[in-house]
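I opened a fresh page for this one and wanted to know where the charges pair up and what sits on the surface. My notes are below, in the order I looked things up.

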Amino acid sequence: MSLANAEFSLGAEDALLLFRDLEEYVVSLDRILSRLAAGADPAFLADYLVDRRVAARPARARGTAGDALEAVIGAEALEDIAAGVFRYSGP
């Protein structure tokens, strides 16, 4: 399946929410990882993840992007893509 020339629509409000969340995560996680590399207590990473709802917000973004993409490639293709991604499975 080639998506090279495929296009899909994402509303401006959805795109804004997605961009804001991604901007926060990229900048914040970069800073947090720098602090961890310098020997900081990793507890503040867990605090950030909980306080900023870092599990729920990407789930919303995935739903928004997934719905838009599914309209172009179909549910089965989207499920195949989802099945092929890395999933953390613990230590």
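These entries go through salt bridges, then surface patches, then a couple of odds and ends.

**Entry 1: what I am looking at**

Note to self: this is a predicted model. I keep that in mind for everything that follows.

**Entry 2: salt bridges**

How many salt bridges does a search of the whole structure find? I get four. I went through three of them one by one.

I started with Arg 57, which forms a salt bridge with Asp 21. The closest N and O atoms in that pair are 2.6 Å apart. Arg 57 sits in helix α3 and Asp 21 in helix α1, so this pair ties together parts that are 36 residues apart in sequence.

Next I checked Arg 60, and its side chain also meets that of Asp 21 in a salt bridge, at 2.6 Å from N to O. Arg 60 is in helix α3 while Asp 21 is in helix α1, so here the parts tied together are 39 residues apart in sequence.

Then I found Arg 52, whose side chain meets that of Glu 24 in a salt bridge, 3.0 Å from N to O. This pair links distant parts of the chain, with Arg 52 in the loop between α2 (43-51) and α3, and Glu 24 in helix α1, 28 residues away. Salt bridges with shared partners join Asp 21, Glu 24, Arg 52, Arg 57 and Arg 60 into one network.

A reminder I scribbled in the margin: side chains of opposite charge can pair when their charged atoms come close.

**Entry 3: how covered is the network?**

Are Arg 57 and Asp 21 buried or exposed? Both turn out to be buried. For Asp 21 I read a relative accessibility of 6%, so it counts as buried. Arg 57 has a relative accessible area of 10%, and that makes it buried because the limit is under 20%.

Glu 24 is buried too, with a relative accessible area of 16%. The arginines Arg 60 and Arg 52 I noted separately. Arg 60 is partly exposed at 38% relative accessible area, and Arg 52 counts as partly exposed at 39% relative accessibility.

**Entry 4: more on Arg 57**

I went back to Arg 57 in helix α3 and listed polar contacts of its side chain. One of them is with the side chain of Asp 21, at 2.6 Å. Another polar contact, of 3.4 Å, joins the side chains of Arg 57 and Tyr 25.

**Entry 5: the negative patch**

Moving to the surface, I looked for clusters of like charge. Which residues gather in a patch of negative charge there? They are Asp 67, Glu 70, Glu 76, Glu 79 and Asp 80.

I then asked which helices the patch draws on. Helices α3 (56-73) and α4 (75-83) each supply at least two residues of the negative patch. It is α4 that gives the most, with three residues.

I picked Asp 67 for a closer look. Asp 67 lies in helix α3. Its relative accessibility is 55%, and it counts as exposed because the cut-off is over 50%.

**Entry 6: the nonpolar patch**

I also looked for a greasy counterpart. Leu 29, Leu 33, Leu 49 and Val 50 make a nonpolar surface patch of about 350 Å². Helices α1 and α2 each supply at least two residues of this nonpolar patch.

Val 50, one of the patch residues, lies in helix α2. I have Val 50 down as exposed, with a relative accessible area of 64%.

**Entry 7: odds and ends**

Where is Arg 53? I found Arg 53 in the loop between α2 and α3. I flagged its backbone, since Arg 53 has a positive phi of about 55 degrees although it is not a glycine.

Last, I checked Glu 13, in helix α1 (residues 12-37). Glu 13 is exposed, with a relative accessible area of 60%. I took its distance to Ala 55 as well: C-alpha to C-alpha, Glu 13 and Ala 55 are 20 Å apart in space. In sequence, Glu 13 and Ala 55 are 42 residues apart.

How values were computed
Residues are numbered from 1 along each chain as its sequence is written. This is a predicted model: local features need pLDDT of at least 70, side-chain atom pairs count only at pLDDT 80 or more; totals for chains, interfaces and linings use all residues. Side-chain values use heavy atoms; hydrogens and water are left out. Patches are made of residues with over 30% relative accessible area and no salt bridge: like charges are joined within 9 Å, nonpolar side chains (Val, Leu, Ile, Met, Phe, Trp, Tyr) within 5 Å. Accessible areas come from the Shrake-Rupley method with a 1.4 Å probe; for residues, only the protein chains shown count as cover. Lys and Arg count as positive and Asp and Glu as negative; His and the chain ends are not counted. The place of a charge is taken as NZ of Lys, CZ of Arg, CG of Asp or CD of Glu. Helices (H or I, at least four residues) and strands (E, at least two) are DSSP runs, numbered from the N terminus. Buried means under 20% relative accessible area, exposed over 50%, partly exposed in between (1.4 Å probe, protein chains only). A polar contact is a pair of N or O atoms within 3.5 Å; within protein, one must be able to donate a hydrogen and the other to accept it, and residues adjacent in sequence count only if both atoms are side-chain atoms.
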